[in-house]
Every structure is written in structure tokens, then in C-alpha cells.
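Q: Please take a close look at one part of this model with me: the place where the chains meet. I would also be glad to hear about the hollows and a few local details afterwards.

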Amino acid sequence: MSNMIDFSIHQLRELLSRREISSVELTRQYLDRINEVDGRVGAYITVTPDHALDMAEAADRRIGRGEDIHPLTGIPVAVKDVLCTRGIRTTCASRMLENFVPPYSATVVSRLETQGAVMLGKVNMDEFAMGSSTENSAFHPTRNPWNLEYIPGGSSGGSAAAVAARLCAGSIGSDTGGSIRQPGSHCGVVGMKPTYGRVSRYGLVAFASSLDQVGPLARNVTDCAILLQAISGYDPADSTSAPREVPDYTGALRPGLNGMVVGLPREYFISGLDPEVEDAVRRGVSILESQGAEVVEISLPHTEYAVAAYYIVAPAEASSNLSRYDGVKYGLRAPEYNNLLEMYKKTRSMGFGPEVKTRIMLGTYSLSSGYYDAYYKKASQVRTLITEDFRDAFRKCDVIAAPTAPSPAFRLGEKSNDPLQLYLSDIFTIPVNLAGLPGMSVPVGMSSDGLPIGLQLMSGHFQEEKLLAAAYNIELEAGLEGQLPDL
Amino acid sequence: MKITRSETEHVAGLARLSFERQEIEDITGRLNEVLEYMEKLEELDTSGVEPMTHSLELTNAFRDDEVKPSLPNEEALANAPEKENQAFVVPRII
């Protein structure tokens, strides 16, 4: 079979299990396509062909024996280069970690391995996951597969572009302020940020520990549910992972939404929202309605303060987390210095890119003596208000529907010199992280320029099934099936 | 202006970063733009609002104090920029 890369995960599962194809053949087709296409897209930082083919052979043996077969056994996936992979370099798209080879794997990576998934390689991102365009990678930018002049979104831009360009069957990203959902929206793929605590953060290189969460990016909602299932669950190695049962996520995927109440937050439909995005999102909402959901207007009154609160909280946590890069235990060390302090300063100034330095400075300033109350404490109080907004809203509705991003993808270089403009493009995705809630982006339309538009769904803590159900129903009726970027 | 050049230099010292003269100008400008935007939060009266540092109501995750396997010395040192005799090498401190 020559077109295996066109099949989605649940279709491949059947073909593999019936032994109509082998994981080795499938993996080879992906590796060939990466060779052929990724020079233009730039989704991967490190491709691991030998490792992938070893994993594929092992998966084929498992399938041959008919033992220990999981939904992802033999399926080729890509992993954001922010998750540690034992023996395979993990760079965080930073010069600081350019040659870092972790001695252990992130729990998410171990889970995928145990279930027999095949890792094709590590994909690109904004340095240390700080950014919304993947232009902040220290190595190279990633381009949007739908139009190579445009950014794929970020920070999980490599994960989203790899899925859209069929350079993997599915991928793993991380989301601190929208870094799975926004690139998902811009690349026309499904992306989910699970509830804080749903997925282990052990081995995820920390950016902002109270906001970071690992999650899947996929070609469709069913594949997203399969990937979420594979990575979810309590992990004793992450004390913030939740000791809760994991439901059967694919079981939530059924046509019809009778009994579901969908809230439309008026603060998300504001001037500045691209009219094509608004039209597409409203079309998505009418699909939810035609599938049986009741639509009500709601209010999330503190939405306009979320960006300011986030850009205090996240850099504050980052400035603390990134203090570990001191040139001693791993990572870069400056070649010349006269004393310890100079070694720290030279190492960090060489190793970090401009955006990472800006955020470390911002965080250090807001936590410094005399400013703590005015910035960090104030932002943490606003975080409470934003969380209470959601609590009130979920008394009236099950799921909130909104745009994922205020506009489709922008051109490479268009916003890279204007940090504030770029920060404001995260306005619709940030509140969910501050409140620790699950959020999801599902493709809902295309702009007149041929760029994808996503609809965002949000729900209460550990209510991922409701998101999947709503997204599944949008996908059934959105009429986007079979639309692929031309590469 | 929220932050001056010399405050930027002070914060850079705290963050163990160093900048060239022109970089200090640039970063002071960027920080000011962002910090001025943060003033928006002052519109909100937050007196009596409990600060939130975490979204889950988790308490301390206790476990039994049992010895478990840890990284062998060799692997723990594998990524060290400089090492000697099973230890990290750092510049002289005292």
C-alpha cells in the first residue's frame, strides 16, 4: 500500500491489526515523506529513523504475537522537543540545551513507548515554549503547511505543522497559554489542552509550572481522544498529577448533543475579532445547535485582564524555573570566564534567545523586592477572579464555545518585533490555563486566503469528554474532511 | 516610564544575565511597553480577594520514605560541561 500516510490513527489501527500493513512499512513511508517535505516545512528538530524503525519492528512482533496491543501500537508519532527522551537529545529549541541528552524519559514518552507507539522524532517549538509563532526557535522557524509564507502558530508549531503536513500520524505538544490550541487552529488540526493534573508533567521541561500541561494534536477528534487516553492518568512522579480514574474518551464520541448547554461568552466576540473567524465560529455554533445542543449567552467579565495577569504569572514562574540553567550540571557553559558569577552571566546570556531573556527579566522584576504586591500578588488575585468567572459560567452551561485565536495565521516576521501585539493574540486561550481547565481547538472553516480557522471549546475540570463530544459533532458537519495542504 | 535603564541593569544582575549597552536600551523599552500594559490590572479592586497560585485543590502528596533506584553517578554526570572524579567541576568559589 503506497498511501499509508493518508490514513488516520483509528484507520491505521485496523490495517495494522488485520496485518494488511506493517508498522515498519508505515514508518518508512513517514520517514520518506519527512525527507521529501520537511526541508520546506521545518517541523522537526531531530528525526530519529533508527530508533523509529526499531520501535516499529518491536510493534510488528507484538502484533504478530497478538499480545499487548494498544490503540497506538505501531503508530508513528512526533513529540515536542520540550519532553525528555532518554538517549535522544532534547533541546527545547534553545542553544542552552542544544547537546542535552536526557538520562530519563518523560512519563508521557514512557507511556507512549510502553504502548508500542513509534516515535519519529522531536519537533520544533518556540524556545522554552515561549512564543506564539515558532519563530523563536534557536534553530529554524517552522512554516504553516497551508501556506509556507505564514507561521504555524506556537509554541507547539512543529507538533501542529507535522500533523497537518502528514509528517506523523499524531503528535504531542504542551500548552501554557494556548500553545497547543492556537497552532492547532492555525494549522487546521485538532488540539487539546487537558485539565491541569490530567497528564503527568514529569520530564516536561518546566516553563510555568502552575500553567503547563501536556496534550495531543491530531488530524481528527477520534485520534485526539485516542492520544489523550494514552497519555492521561496519575503519575506518582508528578505530585500535581490528579489521582483520578481516566474515563473511556472514545466512548464520548457520538452523533447528537441532546441535553448539552453551550455558552457563548460575549467578551470573546469583540471588535478586533477577524470577521471571517467570527463567521466560521458562528457556523460552528449553529452546528452544535442543529445537533441538539441549547445555546445560551454567558459572560466572563474578567476576560480582558487575563493577558496582563498571565504575563506576570508565567514569566515569574519562568524566571524561577530557568534559574537552573547555570552551566554546571548540564547544558551550555560559556568557554571563558574569570569567576563563578561571570560564568553564570556569560553562560545564560549566550544560551538564551531574546524572548526568553525578556521573560526572565520581566519575571525577575515582578518578583523583586518592592514590586511583589503590585505585580505577582495582584495578578494571582485576578487569577482567582477569572477562575470564579468560569465557575459561575459552568452553572449555566456545560461547554463554552469561542474563537481559538482572534485571526488566522499571520505572515512570518509580521509580529516578531512587537511583543505586546504578539502577547495579545493569546487573549482567548490564556484564561483556561489560569483556571486550570481543559480547552480544545477543532477546525471549523477556512479563510478566503486558504488558511484554517479553529473553534475553541472549554469545559469544567476533568470534563474532557464534553469537549470531545462537542468537537466530534462539529467535525461531522463542518465539511472539511479531505481538505489537505498541498505539499 | 515604569523601569529605568539602571533598574534594568540591576534586574539583569539578579537574573544572572548580562547585556551590551544597546541591548539594555532595547530591553528597557520592551519591558516598559509590557509593564505599562500591566497597569490595566489597577482598574480592578482586588481587596479581600484570595490570591490563587494553583488551580487544583491538592494537599501535600505524602509517600513512604523508601529508598528507590536513582540515576547512577555516571549518567547523572553525562551532560556536565566539566566533570572530574565523579563530581561537577565549578570555578573556585572561596
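A: The interface comes first, followed by pockets, cavities and some local geometry.

A word on ground rules: this is a predicted model, in which local features need pLDDT of at least 70 and side-chain atom pairs count only at pLDDT 80 or more, while totals for chains, interfaces and linings use all residues. Residues are numbered from 1 along each chain as its sequence is written, chains are lettered from A and ligands numbered from 1 in the order in which they are written, and side-chain values use heavy atoms, with hydrogens and water left out.

Now to the interface. Counting a contact as heavy atoms within 4.5 Å, 49 residues of chain B touch 68 residues of chain A. The size of an interface is often given as the accessible area lost when the parts come together. Here chain B and chain A bury about 5,200 Å² between them, with 68% of it on carbon and sulfur atoms; buried area is the accessible area (1.4 Å probe) lost when two parts are put together, summed over both. Leu41(B), Met52(B) and Asn79(B) supply 13% of the area that chain B buries against chain A, more than any other three residues.

What about charges and polar groups? A salt bridge is a side-chain nitrogen of Lys or Arg within 4 Å of a carboxyl oxygen of Asp or Glu, and four of them link chain B and chain A. One salt bridge joins the side chains of Glu75(B) and Arg86(A), at 3.4 Å from N to O. Polar contacts are pairs of N or O atoms within 3.5 Å; within protein, one atom must be able to donate a hydrogen and the other to accept it, and residues adjacent in sequence count only if both atoms are side-chain atoms. Between chain B and chain A, 21 residue pairs are in polar contact, both residues being at pLDDT 80 or more.

Helices (H or I, at least four residues) and strands (E, at least two) are DSSP runs, numbered from the N terminus. On the side of chain B that touches chain A, helix H1 (5–14) and helix H2 (21–38) of chain B each supply at least two residues, and the largest share, nine residues, comes from H2(B). By class, this side of chain B has 29 nonpolar, eight polar and twelve charged residues. Ala, Val, Leu, Ile, Met, Phe, Trp, Tyr, Cys and Pro count as nonpolar, Asp, Glu, Lys and Arg as charged, and the others, Gly among them, as polar.

The hollows come next. They are found on a 1 Å grid over the protein atoms alone: a cavity is a set of points where a 1.4 Å probe fits but cannot get out, a pocket is an open set with protein on both sides within 12 Å along at least five of seven lines, and lining residues have an atom within 4 Å of a point. Grid points are joined across faces, edges and corners, and a volume is the space filled by probe spheres set on the points.

Residues of both chains appear around the second largest pocket, which holds about 500 Å³. Of its 26 lining residues, Arg391(A), His461(A), Ser55(B), Leu56(B) and Glu57(B) lie nearest its centre. Helix H12 (residues 373–393) of chain A gives the largest share of this lining, five residues, and the classes are twelve nonpolar, seven polar and seven charged. The largest pocket has about 760 Å³ of space and 31 lining residues, of which Arg219(A), Asn220(A), Leu480(A), Glu481(A) and Gly482(A) lie nearest its centre.

There are also six cavities of 30 Å³ or more. About 90 Å³ lies in the largest cavity; among its 14 lining residues, Gly131(A), Gly177(A), Ser179(A), Tyr310(A) and Asp426(A) are the closest to its centre. The second largest cavity, about 60 Å³, has a lining of eight nonpolar, no polar and one charged residue, with H4(A) giving the most, three residues.

Finally, some local details. Over all chains there are 23 salt bridges, among them Glu355(A) with Arg359(A) at 2.8 Å, N to O. These two residues are about one helical turn apart because they sit four residues from each other in helix H11 (residues 354–367) of chain A. A cis peptide bond, omega about 10 degrees, joins Gly154(A) and Ser155(A). Asp68(A) has a positive phi of about 55 degrees, although it is not a glycine.
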